[in-house]
Amino acid sequence: MKLSNKRTVIVGLAFLSICAFWQMYDNVIPLILTNTFHLNETFSGAIMAADNVLALFLLPYFGNLSDRTNTKLGKRMPFIVMGTMTAALFLNILPLLDNSYAAEPKTVTMVMFVICLGLLLVAMGTYRSPAVALMPDVTPKPLRSRANAIINLMGAVGGILYLGVAAVMYPNSKVLGLAHVNYQPLFLVVGGIMIAAVVILRFAVNEPKLAAENKALEAKHPEWNLAEDDGSGNEVLPAPVKKSLGFLLASIALWFIGYNAVTTWFTTYVAQVMGQGLGGASTCLLIATGGAIVSYIPIGELASRIGRKKTIMGGIVLLAACFMLGYFLTTTSSTITPVMFAAFALVGFAWAAINVNSLPMVVEMCKGSDIGKFTGLYYSASMAAQVVTPILAGTLMRTISYKTLFPYAAFFVAMSFVTMLFVKHGDQKPEAKKGIKAFEDMDE
């Protein structure tokens, strides 16, 4: 039994399209809200948090709905195709409304923009869970970890595609001094990437056939099912393990509060504090993403030697230090320097050390319980943090100073170090992994 890397890469195209979209959304929408519609940071932060609020309800609902769906295209494909096409449509209406408001400000245009943005977020929420569920549907259980590594690599490729396009299309020399930036070309390119990825997926993967083959194969191997899991999801964790889980979930929320504040507000921050445009900010975030990708293999080796908890805590220290360094670099210079690029590369390394190992620690604690339920707890902690932090950070930036962004992020990341001290379970040292296997524990 061997994993089809080619097929898994194609299945990962759905996740590529999702990550390309969200990278652009986090980078560009705050600029439009603050620069075109002149919303203050609190209101724009609330709008930026809306996707996470919707996701808390939409992701489980449409995941369950796709489980009960049965069409000629399969369970997941109808949601993936229709969700992507609908999202691409609303995506490219947004810059039309943005340009219209910039030319002639009207309240009705702003209202239409917010409504369109809400419909776009709903469209994205309809197909993320089905897209993630497609891989297990067509992959035998023993091979799903390796397949998940490829899926996450495809997501990273999607983010890099957007950041590269934005850096080339919107360098600082092109947008500096403009009263209004037209993002329509960028939105068209990203929409095209999303549609192309899903069209290839639709015609290259026969979901019903592959799912049936996989189901038949798993029927021949009952030993693949965990004997200690009764499937009820009602098993009660021992008190010490439950305590560790609580502190780990708190840690996850805290480091997401810090990290997501920077990824959400950085483009607006560098415009206000440094006078830099989208291209320079995108280059920094691109370097951070690249730093994370090249770090996954050494991070896997390091965790296999010293354990997940120590690796995470080292990443926390480095991430907090990089955010404080970011404060000094951005407040003492009006240009993006090579030192900033190096700092963001280290941010990527630190985030990889944290993110690669946190979900496996949660899952490790719930052996014999419902793994899906505990994975849901992980996402609840991370997404709840991403609901709070755009609003909280935006409010502090508006009422105190934009310069509070990096100290704010460093503080919450440092607090996660304290809560991690009380995590005593979930730190089973994995066997050293090489090559693609080093990516297995990446979270989606």
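Select Ala-292 to begin: with a relative accessible area of 7%, Ala-292 is buried, since the cut-off for burial is under 20%. You will find Ala-292 in helix H11, which covers residues 278–306. This is a predicted model, so keep that in mind at each stop. Now show what surrounds Ala-292. Once residues up to four places away in sequence are set aside, Ala-292 touches Gly-348, Phe-349 and Ala-352. Add Ala-345 to the selection too: Ala-292 and Ala-345 are 53 residues apart in sequence, and their C-alpha atoms are 7.4 Å apart in space.

**Zoom out**

Switch to a cartoon of the whole protein for a moment. The protein has 15 helices and zero strands. Colour by accessibility and you can look for the 55% of its 444 residues that count as buried. If you draw a contact map, consider the contacts between residues at least 6 apart in sequence: 86% of them join residues at least 24 apart.

**Helix H3 and the loop after it**

Go to Leu-56, which sits in helix H3. Leu-56 has a relative accessible area of 35%, so this residue is partly exposed. Measure from its C-alpha to that of Ala-384 and you should read 8.2 Å, although the two residues are 328 apart along the chain.

Next, pick Thr-69, in the loop between helix H3 (41–67) and helix H4 (77–103). Is Thr-69 buried or exposed? Its relative accessibility is 17%, so Thr-69 counts as buried. Show the side chain as sticks: one of its polar atoms lies 2.8 Å from the backbone oxygen of Leu-65. Beyond its neighbours within four places in sequence, Thr-69 is in contact with Gly-74, Lys-75 and Phe-79.

**A positive phi between H2 and H3**

Step back along the chain to His-38, in the loop between H2 and H3. Check its backbone torsions: phi of His-38 is near 55°, a positive value in a residue other than glycine. Most residues other than glycine have a negative phi. His-38 is also exposed, because its relative accessible area is 60% and the cut-off for exposed is over 50%.

Stay in this area and select Met-110, which belongs to helix H5 (residues 107–138). Leaving out neighbours within four places in sequence, Met-110 is in contact with Phe-37, Leu-39 and Tyr-101. Its relative accessibility of 23% makes Met-110 partly exposed. For a distance to label, try Met-110 to Asp-98: the C-alpha atoms are separated by 8.2 Å, with the two positions 12 residues apart along the chain.

**The second largest pocket**

Now turn on a pocket surface. The second largest pocket has a volume of about 370 Å³. Which residues lie nearest its centre? Select Asn-35, Val-175, Leu-178, Val-181 and Ala-271, which hold that place among the 20 residues of the lining. Three helices each supply at least two lining residues: helix H2 (13–36), helix H7 (172–175) and helix H10 (239–273). Colour the lining by residue class and you should see nine nonpolar residues, 10 polar ones and one charged.

**Helix H15 and the segment after it**

Move on to helix H15, residues 405–420. Place a ruler between its end C-alpha atoms and the reading is 23 Å. How does that fit the helix's number of residues? At 1.5 Å a residue, the 16 residues should span 22 Å, so the two values agree. Then highlight the buried residues of H15, among them Leu-405, Phe-406, Tyr-408, Phe-412, Val-413 and Met-420. Ser-416 and Thr-419 are buried in this helix as well.

Last, select His-425, in the segment after H15. With a relative accessible area of 27%, His-425 is partly exposed. Which side chain makes a polar contact with the side chain of His-425? It is that of Ser-244, at 2.8 Å. Ser-244 is also one of the residues that His-425 touches, along with Pro-240, Val-241, Met-361 and Met-365, not counting residues up to four places away in sequence. To finish, draw a line from His-425 to Leu-248: they are 177 residues apart in sequence, and 9.3 Å apart in space from C-alpha to C-alpha.

Note on methods
Residues numbered from 1 in each chain as written. Predicted model: local features only at pLDDT ≥ 70, side-chain atom pairs only at ≥ 80, totals over all residues. Heavy atoms only, no water. 1 Å grid on protein atoms, 1.4 Å probe; cavity = no way out; pocket = protein on both sides within 12 Å on 5 of 7 lines; lining within 4 Å. Points joined across faces, edges and corners; volume = space filled by probe spheres on them. Helix = DSSP H or I, 4+ residues; strand = E, 2+ residues; numbered from the N terminus. Nonpolar A, V, L, I, M, F, W, Y, C, P; charged D, E, K, R; others polar. Buried < 20%, exposed > 50% of the residue type's maximum accessible area, 1.4 Å probe, protein only. Polar contact = N/O pair within 3.5 Å; in protein donor to acceptor, adjacent residues only side chain to side chain. Contact = heavy atoms within 4.5 Å. Expected span 1.5 Å × (residues − 1).
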